[in-house]
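Me: Could you take a close look at one part of this model for me, the metal site, and then tell me how it sits relative to the rest? Keep it informal.

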Amino acid sequence: MYSQGLIGADGSTGETPEFLEAFQKRIDAEEKIEPNDAMPEGYRRTLIRQIGQHAHSEIVGMLPEGNWITRAPSLRRKAALLAKVQDEGGHGLYLYAAAETLGVSREEMTEELHSGKAKYSSIFNYPTLTWADIGAIGWLVDGAAIMNQIPLCRCSFGPYARAMIRVCKEESFHQRQGYEIMMELAGGTPEQKEMAQDALNRWWWPSIMMFGPHDADSQHSDQSMAWKIKRFSNDELRQKFIDATVPQAEFIGLKMPDPDLTWNEEKGGYDHGPIDWDEFWRVVKGHGPMARDRIRDRRKAWEDGAWVREAALAHAEKRRARKIAAE
Amino acid sequence: MANEMPLWEVFIRPRNGLSHKHCGSIHAADEVMALQAARDVYTRRGEGNSIWVVLSSAITASDPDQAGENFEPGEKIYRHPTFYEIPEEVGNM
Ligand SMILES: [Fe+2]
Ligand SMILES: [Fe+2]
């Protein structure tokens, strides 16, 4: 989902039917696939793209929240936000490492992010205008991420599943600190409550878009489901998220910005209003309000860090030479 | 690429009495920085009290295609205790 239903993925394979059948048998038997195992090219390509998009999302996701670290309203909030943003950096690194086991290099992935060839979650192309946005992101964006990541812990590719288990252990604090911020604002002065409601109004729709296009419009889902890379469809996950989140908003006296949102007794879940998919595709394709800034900031961080990487490598080389000379 | 940071595999001992267990990998220029990076990335919540880092290129792995030949015990059921019939009167053995 951080990979948004695999934008542009092509899972087509050219292997023999016998090979594909034997591979599918392993998948159906719930066997995990490990990096050195034989696998269809499409399986490898799909995973490289999905794990890469997921990793990029964690890294770019540090930017909107990083924007508020120096302006957090208390030391408690600042410490929590710092720790959360550091966790997201860690998530990116676990995921890059998982993707690298499939034969893509970190440098290639970084290059694809910076050139705009690789995508990341559209949610991070929205701006964080007020402190309440930090609450809304933790509650909604991390909440949606959790919905998606829990089934990924059972993904058929071992390194991805293991990375997701680590990530899921850490995510719960992210969502709780966000909800606590919203709860405090919603229970504060009328202005503070207004700020919380405004953040919810702006983040709700982008959050439910995070699950990607409707199942009927999601081209590559079937193959990913068959390979057990994916366990639930976009719409199933979106529904779970909405059903879990609506009562949380009610509990703190905030209103979901969807006039069509109604409880459907028969299906035991909420029905929601139409999603603006034009906006979704605009943002995915890099026309979100912050898209240019995000890539510019990542490039700048990479370029500004170049001398550190070079110095570290030169220093390592010097130490190695010295050690050899002493032997 | 000439300027690629070497890749290290990271192993962590959760606490004394347990063995080090592989938990992921990290890029770093040398072993000192690899240890520091491993600590930052993999032990933010008291996950361990000891870290090993090993250059990934230093690991020799068995061939997954040979897994059957290497690791299938096959018919050697006499390696399992239940293969042997001991009268119940003897008690636990
Ligand atoms: Fe994360
Ligand atoms: Fe998170």
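**The iron site and its surroundings**

Reply: Let's start with a side-chain pair: A:R162 and A:E34 make a salt bridge, with 2.9 Å between the closest N and O atoms. This pair links distant parts of the chain, since A:R162 belongs to helix α7 of chain A and A:E34 to the loop between α1 (17–28) and α2, 128 residues apart. Keep in mind that this is a predicted model. Across all chains, a search of the whole structure turns up 29 salt bridges.

Now the metals. The iron ion (ligand 1) has as protein donors A:E58 (OE), A:E88 (OE), A:H91 (ND1) and A:E171 (OE), at 2.1 to 2.5 Å from it. Along the chain, these donors follow the spacing E-x29-E-x2-H-x79-E. The angles that the four donor atoms subtend around the iron ion (ligand 1) run from 82 to 154°, which makes the arrangement irregular. A:E58 sits in helix α2 (residues 41–60) and A:E171 in helix α7, both of chain A, so the pair ties together parts that are 113 residues apart in sequence.

The iron ion (ligand 2) is coordinated by A:E88 (OE), A:D142 (OD), A:E171 (OE) and A:H174 (ND1), at 1.9 to 2.2 Å. The spacing of its donor residues in sequence reads E-x53-D-x28-E-x2-H. Here, too, the arrangement is irregular, because the four donor atoms around the iron ion (ligand 2) subtend angles of 84 to 172°. A:E171 and A:H174 are three residues apart in helix α7 of chain A, which means that about one helical turn separates them.

How do the two ions relate? The iron ion (ligand 1) and the iron ion (ligand 2) are 3.3 Å apart, and A:E88 coordinates both. A:E171 is listed as a donor for ligand 1 and for ligand 2 as well.

On to the contact with the other chain. Chain A contributes 22 residues and chain B 21 residues. Between them the chains bury about 1900 Å², with 53% of that on carbon and sulfur atoms. On the chain A side, A:E107, A:R166 and A:L313 lose the most area to chain B, together 28% of what that side buries.

As for polar interactions, there are six salt bridges between chain A and chain B. One of them pairs B:R45 with A:E170, the closest N and O atoms being 3.4 Å apart. The interface also has 10 residue pairs in polar contact, counting residues at pLDDT 80 or more. The elements of chain A giving two or more residues to the side that touches chain B are α4 (75–100), α5 (106–115), α7 (158–186) and α13 (306–326). That side divides into seven nonpolar, five polar and 10 charged residues.

So where does helix α7 of chain A turn up? Helix α7 holds A:R162 of the salt bridge to A:E34, holds the iron donors A:E171 and A:H174, and gives two or more residues to the side of chain A that touches chain B.

Notes. Residues numbered from 1 in each chain as written. Chains lettered and ligands numbered in written order. Predicted model: local features only at pLDDT ≥ 70, side-chain atom pairs only at ≥ 80, totals over all residues. Heavy atoms only, no water. Contact = heavy atoms within 4.5 Å. Buried area = accessible area lost by both parts, 1.4 Å probe. Salt bridge = Lys/Arg side-chain N within 4 Å of Asp/Glu carboxyl O. Polar contact = N/O pair within 3.5 Å; in protein donor to acceptor, adjacent residues only side chain to side chain. Helix = DSSP H or I, 4+ residues; strand = E, 2+ residues; numbered from the N terminus. Nonpolar A, V, L, I, M, F, W, Y, C, P; charged D, E, K, R; others polar. Donors = N, O, S within 2.8 Å, 3.2 Å for Na, K, Ca; no water. Tetrahedral: all angles 85-135°; square planar, octahedral: opposite > 155°, others 65-115°.
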